[in-house]
2 protein chains.
Amino acid sequence: MTGDLPFAHVAIIGLGLLGGSVGLGVSAHLPGVRLTGYDADPATRARAAERGLVDEVFPSAAEAVAEADLVILCVPVGAMASAAGEIAAALKPGALVSDVGSSKQSVAKALATALPDQAVIPAHPVAGTERSGPDAGFATLFQHRWCIITPPEGADPELIARLTAFWEALGARVEIMDAAHHDLVLAITSHLPHLIAYTIVGTASDLETVTRGEVIKYSAGGFRDFTRIAASDPVMWRDVFLSNKDAVLDMLQRFSEDLSALQRAIRWGDGDALFDLFTRTRAVRRSIIEEGQDDARPDFGRSDHEAAG
Amino acid sequence: MTGDLPFAHVAIIGLGLLGGSVGLGVSAHLPGVRLTGYDADPATRARAAERGLVDEVFPSAAEAVAEADLVILCVPVGAMASAAGEIAAALKPGALVSDVGSSKQSVAKALATALPDQAVIPAHPVAGTERSGPDAGFATLFQHRWCIITPPEGADPELIARLTAFWEALGARVEIMDAAHHDLVLAITSHLPHLIAYTIVGTASDLETVTRGEVIKYSAGGFRDFTRIAASDPVMWRDVFLSNKDAVLDMLQRFSEDLSALQRAIRWGDGDALFDLFTRTRAVRRSIIEEGQDDARPDFGRSDHEAAG
């Protein structure tokens with residue numbers, strides 16, 4: 001630990017939306033930190049160097065992490081094991097390895113297996129956009145967002161405190177959570193919404209009675225919001241669903257039951273059941289806005305934007 | 001027809017988000033038009049008068065429409081029949097009656113029954129926000145949005161042309177469509193997305209393993225977008241589902257089948273099936289942005305907003 005910096009040298013493996021935003025956030029908020037990085041894709045490495053996502057981009061993960069005190073793996077969760085394998089022999093003995101993956105039990109297991117002698121504390125900043133790649137990142141992505149840290153049993157409290165300080169420096173609020181509970185919470189707040197959005201966009205694309213052009217033209221009735229989520233990175237999301245299978249299937253089962261109940265209410269003309277649910281869901285929206293997790297402007301402020309444009 | 005105005009006097013019945021926006025749009029873009037209005041709720045009438053949503057608010061629907069050339073019913077689709085009944089005896093013989101309802105076959109039937117001797121041409125501007133009530137409307141709501149006009153068989157072409165000119169003056173693009181086809185198109189682009197959003201917000205509120213507070217805190221992972229839609233007006237949406245039952249149940253059935261296929265792919269670890277769908281859905285998003293139906297800024301520009309705030 002150097003002066004006030006939680007980590008003097010941070011290495012980022014994977015320079016897409018998340019990795020790039022971590023790099024830009026560190027540059028903005030922890031200017032004394034040495035930043036190195038690597039991405040498996042040569043084109044992403046070149047673009048990351050151009051944008052200055054990190055101070056130095058290396059041609060191998062091993063070189064990028066060699067001197068680092070904190071290594072953050074910003075790769076799809078299905079690629080964590082192999083990324084950890086690539087850096088295992090090159091890590092400094094005292095270095096902390098963390099990540100930004102959206103499922104935590106599977107990542108904890110993969111990293112513990114690949115790095116048995118290393119300090120590992122997984123983390124998940126709950127933030128993102130539908131963009132991906134080295135041009136997608138921005139320094140304020142984590143501002144006012146939560147970062148969930150899931151320390152394994154026996155993790156060093158001082159390392160947990162330093163990782164907490166790191167994410168707080170990037171503007172996040174930190175919560176410590178058990179990995180299994182994290183996976184349940186994210187299954188309902190993130191994974192199921194993505195699964196449903198992907199499904200309905202797929203359903204709408206395959207109709208024989210309504211053309212694709214009509215779906216696109218009249219999407220302002222609600223559909224367009226789902227397409228934003230369904231434009232998220234395909235590899236990242238494939239891995240999330242496969243790695244958090246049990247929790248996702250559990251939440252999906254509950255959702256399907258609730259949807260069947262609503263289907264039945266529509267079929268039988270039970271307006272009261274519909275009205276009761278629709279009234280209840282309004283309150284959840286109000287709470288999210290009060291908690292600062294969404295934009296209170298109606299229609300996400302689209303009307304302002306369009307009036308101006 | 002007075003000068004260049006498609007209608008010299010427009011009456012608006014129902015002064016919520018849609019009715020208020022029509023009123024403000026007319027004031028902004030068709031300044032010579034006389035605007036009268038009515039709402040069943042006395043508090044809404046008072047607020048509408050304060051905001052100047054129309055030139056004059058009347059204590060009864062009959063008085064509001066007595067001199068009008070165009071009457072637009074901006075009430076929930078389940079209230080169309082009774083609203084039409086209230087004005088039937090007061091309408092000028094040549095007046096055109098239209099509406100803004102989200103389902104069109106049921107409205108066409110209700111209006112034809114209640115107003116057998118009147119010209120009726122239903123319409124549906126595909127625009128809205130999650131807000132409702134007399135404070136929710138704004139003049140630019142219809143800018144760049146589509147308005148679907150569904151003339152019944154034998155409708156006067158000149159009246160169709162005037163109604164088209166009216167909506168174009170408010171900034172909308174107009175499409176003429178068969179009512180039955182409209183109901184299918186909107187079932188997938190608007191009604192099913194709302195039904196799904198209401199359902200998942202309900203599911204998330206009822207979990208015993210994840211608290212309501214956690215759902216709200218970590219909603220930035222995707223869930224919050226659904227809550228915006230699920231905050232829409234409960235009465236309006238109850239009526240939409242009950243009035244467009246057949247098309248909604250058809251689309252819901254297709255969605256459920258597709259969701260089951262995805263559930264199976266997750267259960268069996270079929271990553272290729274997931275990846276293929278997630279890649280296909282990205283293209284739909286691009287088309288919607290190209291067609292001008294959504295904001296291209298990532299995350300709806302939330303990052304800009306939050307960075308500024």
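This section walks through the fold of chain A, the contact between chains A and B, and the surroundings of one loop residue, Ala88(B). The model is a predicted one.

Taking chain A on its own to begin with, its secondary structure adds up to 13 helices and 9 strands. Along the principal axes, the C-alpha atoms of chain A fit in a box of roughly 65 × 45 × 40 Å. The radius of gyration of chain A is 21 Å, which agrees with the value near 19 Å for a compact globule of 309 residues. As for burial, 59% of the 309 residues in chain A count as buried. Looking at contacts in chain A with a separation of 6 or more, 74% of them come from residues 24 or more positions apart.

Next comes the interface. The size of an interface is often quoted as the accessible area lost when the parts come together. For chain B and chain A, the buried area is about 10700 Å², and carbon and sulfur atoms supply 66% of it. Chain B puts 110 residues into the contact, and chain A puts in 111.

On the polar side of things, 30 residue pairs are in polar contact across the interface of chain B and chain A, counting pairs with both residues at pLDDT 80 or more. The elements of chain B that each give two or more residues to the side touching chain A are β8 (146–149), α7 (179–205), α8 (212–217), α9 (223–229), α10 (234–243), α11 (245–267), α12 (271–290) and α13 (302–308). Of these, α7(B) gives the most, with 20 residues. Sorted by class, the side of chain B that touches chain A holds 51 nonpolar, 30 polar and 29 charged residues. Salt bridges turn up here too: 8 are found across the interface of chain B and chain A. One of the salt bridges pairs Asp206(A) with Arg280(B), with 3.1 Å between the closest N and O atoms.

Finally, there is Ala88(B), which sits in the loop between α4 (80–87) and β5 (96–99) of chain B. Its relative accessible area is 31%, which lies between the 20% and 50% cut-offs, so Ala88(B) is partly exposed. Leaving aside residues up to four places away in sequence, Ala88(B) touches Ala114(B) and Leu115(B). His181(B), by contrast, is 93 residues from Ala88(B) in sequence and 28 Å from Ala88(B) in space, C-alpha to C-alpha.

Notes
Residues numbered from 1 in each chain as written. Chains lettered and ligands numbered in written order. Predicted model: local features only at pLDDT ≥ 70, side-chain atom pairs only at ≥ 80, totals over all residues. Heavy atoms only, no water. Contact = heavy atoms within 4.5 Å. Buried area = accessible area lost by both parts, 1.4 Å probe. Salt bridge = Lys/Arg side-chain N within 4 Å of Asp/Glu carboxyl O. Polar contact = N/O pair within 3.5 Å; in protein donor to acceptor, adjacent residues only side chain to side chain. Helix = DSSP H or I, 4+ residues; strand = E, 2+ residues; numbered from the N terminus. Nonpolar A, V, L, I, M, F, W, Y, C, P; charged D, E, K, R; others polar. Rg over C-alpha atoms; globule rule 2.2 N^0.38 Å. Buried < 20%, exposed > 50% of the residue type's maximum accessible area, 1.4 Å probe, protein only.
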